[in-house]
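Trainee: I am new to this structure and would like to understand one part of it thoroughly before turning to the rest. Please take me slowly through a place where helices meet, and then show me what lies around it.

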Amino acid sequence: MTKNRLRASVIVFLIMLAAFQISYAIEPAGNISNDIMPTTDNTLELPQNPVVEINARSAMLVDTARWQTLYAKNPDERLHISAANKIMTTLIVIEKLNLYDKVTISKEASDAEGSILHLEAGEKYSVEDLLYALMLKSANDAANALAEHTAGDIEKFVQMMNTKAQELKLNNTVFVNPTGLYDENQYTTASDLSLLMKYALSNSTFNDIFSAQYKLWFYGDSSMVLSSQNRLFWSYDGTDGGKLGYNEKDKQSLISTATKSDRRLLAIVLESSEQTVYTDSTTLLDYGFNTYKSGLLVAKGQTVKRHQIE
């Protein structure tokens with residue numbers, strides 16, 4: 001009876017082990033060392049100096065299937081990243097408003113600084129159109145108009161942004177405005193942006209806007225085409241999302257995704273130069289697609305090996 005009980009216990013243990021291992025689908029390929037192992041927080045224990053040369057001050061590469069970190073450079077350094085504001089603003093508006101609601105542009109919103117579409121006070125646009133203007137062209141007048149329509153005023157909307165950041169456990173993120181215009185008290189990190197994007201990409205409406213290359217824009221009796229500022233759409237095969245942002249031309253940030261062979265990777269490149277922000281992103285994406293592969297290690301419930309204990 002004791003032997004049978006021991007034998008049964010060993011088999012049960014191995015089945016449980018198999019079920020645990022399946023939660024980590026990413027494994028090293030090529031010449032990468034076999035000591036890259038997943039940790040309990042669902043990230044990979046990476047080599048000290050993986051062969052990835054990028055100019056960005058901070059960066060991360062994530063496999064979105066199980067949200068595993070494949071590469072990180074200064075992931076917890078606090079930086080002023082305007083794209084984070086645009087992404088959070090978009091998310092809150094999607095969750096709070098009907099996309100077909102009409103927004104009347106206020107004088108305050110039309111007077112926005114920085115990147116703008118020159119929206120005129122009194123004009124009316126749908127929430128959806130303003131969201132595309134915000135994400136594709138970084139239109140600060142659209143951001144302020146949406147913030148006012150959602151919360152009543154900018155200050156209350158910023159409170160909503162920071163409350164959402166706390167809910168998502170973005171512990172190194174503080175928002176001061178919905179536009180991303182520079183403020184010394186405003187910051188985030190690559191790690192927090194990874195968490196924010198994990199939540200954002202789970203929203204189908206956000207995904208549609210994030211993945212858009214073009215949007216037809218109507219104003220008065222005229223129209224024009226808004227095109228994404230993310231050049232990877234036209235230069236990197238598999239690109240299916242992206243948001244570019246910067247306050248200074250030599251400190252640009254790009255948050256982008258690409259999918260190949262049913263694998264979607266997220267590249268977060270923060271504070272790179274205008275010349276290298278795209279090469280940094282493609283370097284990271286190439287590294288992820290070429291160095292790692294996903295596959296089934298063992299099936300859930302599969303017995304890995306039997307041992308008979310005498």
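**A helix pair and its surroundings**

Mentor: Helix α5 (residues 140-151) and helix α6 (residues 154-167) pack with their axes 8 Å apart and at an angle of about 85°, which makes α5 roughly perpendicular to α6, a description used for angles of 65 to 115 degrees, whereas under 35 counts as roughly parallel, over 145 as roughly antiparallel and the rest as oblique. The axes are lines fitted to C-alpha atoms over the stretch in contact, and the angle, on a scale from 0 to 180 degrees, is taken between N-to-C directions. Please keep in mind that this is a predicted model, in which local features need pLDDT of at least 70 and side-chain atom pairs pLDDT 80 or more, while totals for chains, interfaces and linings use all residues. Residues are numbered from 1 along each chain as its sequence is written, and side-chain values use heavy atoms, without hydrogens and water.

On the α5 side, the contact (heavy atoms within 4.5 Å) is made by N144, A147, E148, T150 and A151, and on the α6 side by I154, K156, F157 and M160. These residues divide into five nonpolar, two polar and two charged, where Ala, Val, Leu, Ile, Met, Phe, Trp, Tyr, Cys and Pro are nonpolar, Asp, Glu, Lys and Arg are charged, and the others, Gly among them, are polar.

Beyond α6, the chain enters the loop that leads to α7, and K169 lies in that loop. Although K169 is not a glycine, its phi is positive, near 60°, and the residue is exposed, with a relative accessible area of 59%; exposed means over 50%, buried under 20% and partly exposed in between, with a 1.4 Å probe and protein chains only.

What does α7 (residues 190-200) pack against? Its buried residues are A190, D192, L193, S194, L196, M197 and A200, and they pack against β2 (58-63), α2 (82-96), α8 (204-210), β9 (251-260) and β10 (263-272). As background, an α-helix has 3.6 residues a turn, so residues three or four places apart point the same way. Leaving out residues up to four places away in sequence, M197 touches W67, I87, F206, F210, I255 and L266.

M197 also leads us back to the helix pair through the largest nonpolar core, a set of 59 residues in which M88, L130, L131, M197 and F206 have the most contacts. Such a core consists of buried Ala, Val, Leu, Ile, Met, Phe, Trp, Tyr and Cys residues joined through side-chain atoms within 4.5 Å. The elements giving two or more residues to this core include α5, α6 and α7, along with α4 (127-137). Apart from it lies another core, of 22 residues, among them L61, Y71, L254 and A258.

For the wider setting, the protein chain has ten helices and eleven strands, which are DSSP runs numbered from the N terminus, with H or I over at least four residues for helices and E over at least two for strands. Of its 310 residues, 50% count as buried, and among contacts between residues at least 6 apart in sequence, 63% join residues at least 24 apart.
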